[in-house]
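Work through the exercises below with the sequence and the 3D structure open. Try each task before reading its solution.

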Amino acid sequence: MKLQELSDHVAAEFQKHYGRPARWIVAAPGRVNVIGEHTDYNDGFVLPMAIERYAVMAADATGEPGKISIYDAHFKESATIDISTPVTKGQPKWSNYIRGVLAGFQHRGVKIPALDVAFMSTVPLGGGLSSSAALEVCTATLMEAATGRKIDPVEKALLAQKAEHEFAGVPCGIMDQFISALGHEGHLLLLDCRTRKTELVPMSDPSVELLVVNTNVKHELGSGEYAKRRAECEEAAHILGVKSLRDATADQLEKAKGKLSEVVYRRARHVIGEIERTVHAAEGIRHSNWPTVGNLMYASHYALRDDYEVSCKELDVVVDIAEEIGYKGGVYGCRMTGGGFGGCCVALVKASAVPEITKRIAAEYKARTGIDSVIFASRPAAGATIIKG
């Protein structure tokens with residue numbers, strides 16, 4: 001569903017559920033990280049893209065004071081949030097993403113109006129495409145529309161990140177909320193995770209698209225392994241005598257190889273290399289140098305698979321298939337995206353070959369794994385937006 005179709009659908013759902021039209025309609029996108037994995041907590045660079053999959057909210061003021069009523073139009077579930085006192089965690093679980101943002105606005109002294117809200121999201125759940133950030137940033141955008149209190153997009157992203165930390169209990173980095181709040185149509189976002197400085201990277205060449213392949217698997221290794229990788233990176237930085245791996249070079253790492261365990265050395269090799277790859281990929285995209293960008297994506301995947309060990313069989317299968325299709329078949333490059341152990345791959349492909357590539361990856365992946373994938377193409381989408389209001 002295109003954004004306009006989705007917003008029309010949510011507006012109709014609001015009318016059906018509440019018996020009157022919505023006054024405000026807002027949207028925020030999910031994202032895919034094109035390159036720059038596990039660099040965020042090492043003060044490095046990431047290169048995400050907002051995707052054409054959105055969380056959309058329709059709302060109107062209600063006569064019932066001190067309450068926000070929320071209707072999930074997809075799962076047909078409702079939640080009521082008490083706003084007469086400081087907002088706290090509650091049920092259903094998904095409402096905590098919204099609650100955390102409302103609490104953030106209260107903390108800023110904003111008086112939250114009583115609202116009826118209907119929402120729906122086309123960002124796949126659990127695929128590492130930031131469905132939670134889309135919902136948080138969408139809620140913050142609704143608050144802006146309904147209160148008339150605009151906040152700086154960076155502040156909005158940080159408010160949404162805080163909501164995820166404190167209300168959902170997920171210690172995420174800043175990338176997901178930043179791209180959802182600050183994304184621009186036709187551009188990727190090069191984000192320096194140390195300074196929070198952002199740079200829009202134009203991707204205006206219509207001959208290429210990004211293909212997102214959801215493996216539909218999530219191995220239960222994630223959180224413990226994530227903490228381990230983080231500790232290994234800190235150990236490497238400490239031995240190398242730098243504040244974070246952002247400050248280390250490949251030469252430094254090689255010279256200190258004897259002081260590091262083999263595992264810690266490999267973790268650091270991935271991070272140092274990935275930071276460099278991300279900067280080079282941004283440069284390649286600026287100049288529409290697609291073969292170079294594709295090669296950097298493959299190199300990123302191999303390092304994530306071999307040095308960082310966060311890939312899995314299903315992600316590797318997708319990358320293998322993409323390589324087999326190759327440049328002649330319209331694939332420039334492919335890599336796992338997100339934290340790892342399942343979720344999605346992202347492939348840089350020729351736009352004209354999308355139908356054939358999609359068909360082949362879907363068939364081959366099913367044949368090799370027995371699992372159905374979900375595949376869609378996207379151009380770089382706009383960030384959070386007020387559609388009506």
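The exercises on this predicted model deal with helix packing, then enclosed and open spaces, then backbone angles.

**Exercise 1.** Describe how helix H9 packs against helix H10.

Solution.
- Step 1. Two packed helices are described by the angle between their axes and the distance between the axes.
- Step 2. Locate the helices: H9 covers residues 290-306 and H10 covers residues 313-325. Their axes are 12 Å apart, at an angle of about 150°.
- Step 3. Angles over 145 degrees count as roughly antiparallel, so H9 is roughly antiparallel to H10.
- Step 4. The crossing of H9 and H10 is left-handed.
- Step 5. From H9, the contact uses Tyr298, His301, Tyr302 and Arg305. From H10, Leu315, Asp316, Val319, Ala322 and Glu323 take part.
- Step 6. Sorted by class, the contact of H9 with H10 has 5 nonpolar, 1 polar and 3 charged residues.

**Exercise 2.** Describe how helix H4 packs against H3 and against H2.

Solution.
- Step 1. Start with H3 and H4, the latter being residues 153-167. Their axes come within 9 Å and cross at roughly 125°.
- Step 2. This angle makes H3 oblique to H4. The crossing is right-handed.
- Step 3. On the H3 side, the residues are Ser132, Ala133, Glu136, Val137, Ala140, Thr141 and Glu144. They meet Lys156, Ala160 and Glu164 of H4.
- Step 4. The contact of H3 with H4 has 4 nonpolar, 2 polar and 4 charged residues.
- Step 5. Now take H2 and H4, whose axes are 8 Å apart at an angle of about 120°. This makes H2 oblique to H4.
- Step 6. H2 and H4 also have a right-handed crossing.
- Step 7. The H2 residues in the contact include Asn96, Tyr97, Arg99 and Gly100. The H4 residues are Leu159, Ala160, Ala163, Glu164 and Phe167.
- Step 8. The contact of H2 with H4 has 8 nonpolar, 3 polar and 2 charged residues.
- Step 9. Look for H4 residues that occur in both contacts. Ala160 and Glu164 meet H3, and Ala160 and Glu164 also take part in the contact with H2.

**Exercise 3.** Find the cavities of 30 Å³ or more in the whole structure, and say what lines the largest cavity.

Solution.
- Step 1. The search finds 1 cavity of 30 Å³ or more. About 40 Å³ of space lies in the largest cavity.
- Step 2. Its lining consists of Met57, Ile68, Ile70, Ile98, Leu102, Leu115, Val117, Thr139, Leu142 and Met143.
- Step 3. Strand E3 (67-72), H2, E5 and H3 each give two or more residues to this lining. The largest share, 3 residues, comes from H3.
- Step 4. By class, the lining of the largest cavity has 9 nonpolar, 1 polar and no charged residues.

**Exercise 4.** Describe the largest pocket and the second largest pocket by volume and lining.

Solution.
- Step 1. The largest pocket holds about 1100 Å³ of space. It is lined by 40 residues, and Gly128, Val170, Asp176, Lys218 and Gly339 lie nearest its centre.
- Step 2. Helix H3 (131-147), helix H5 (175-182), helix H6 (222-240) and strand E10 (342-350) each give two or more residues to that lining.
- Step 3. The classes in the lining of the largest pocket are 14 nonpolar, 19 polar and 7 charged residues.
- Step 4. The second largest pocket holds about 410 Å³ of space. Of its 20 lining residues, Phe75, Trp94, Leu125, Ser131 and Leu135 lie nearest the centre.
- Step 5. At least two residues of this lining come from each of helix H2 (95-107), strand E5 (115-121) and H3.
- Step 6. The lining of the second largest pocket has 12 nonpolar, 6 polar and 2 charged residues.

**Exercise 5.** Find the cis peptide bond that involves proline 92, and place histidine 38 with its phi value.

Solution.
- Step 1. Most residues other than glycine have a negative phi, and most peptide bonds are trans.
- Step 2. The cis bond joins glutamine 91 and proline 92, with omega about -10°. Proline 92 sits in the loop between strand E4 (77-82) and H2.
- Step 3. Histidine 38 has a positive phi, near 60°. The loop that holds histidine 38 runs between strand E1 (24-35) and strand E2 (45-61).

Key: Residues numbered from 1 in each chain as written. Predicted model: local features only at pLDDT ≥ 70, side-chain atom pairs only at ≥ 80, totals over all residues. Heavy atoms only, no water. 1 Å grid on protein atoms, 1.4 Å probe; cavity = no way out; pocket = protein on both sides within 12 Å on 5 of 7 lines; lining within 4 Å. Points joined across faces, edges and corners; volume = space filled by probe spheres on them. Helix = DSSP H or I, 4+ residues; strand = E, 2+ residues; numbered from the N terminus. Nonpolar A, V, L, I, M, F, W, Y, C, P; charged D, E, K, R; others polar. Axes fitted to C-alpha atoms, helices over the stretch in contact; angles between N-to-C directions. Parallel < 35°, antiparallel > 145°, perpendicular 65-115°, else oblique. Left-handed = near helix turned anticlockwise from the far one by under 90°. Contact = heavy atoms within 4.5 Å.
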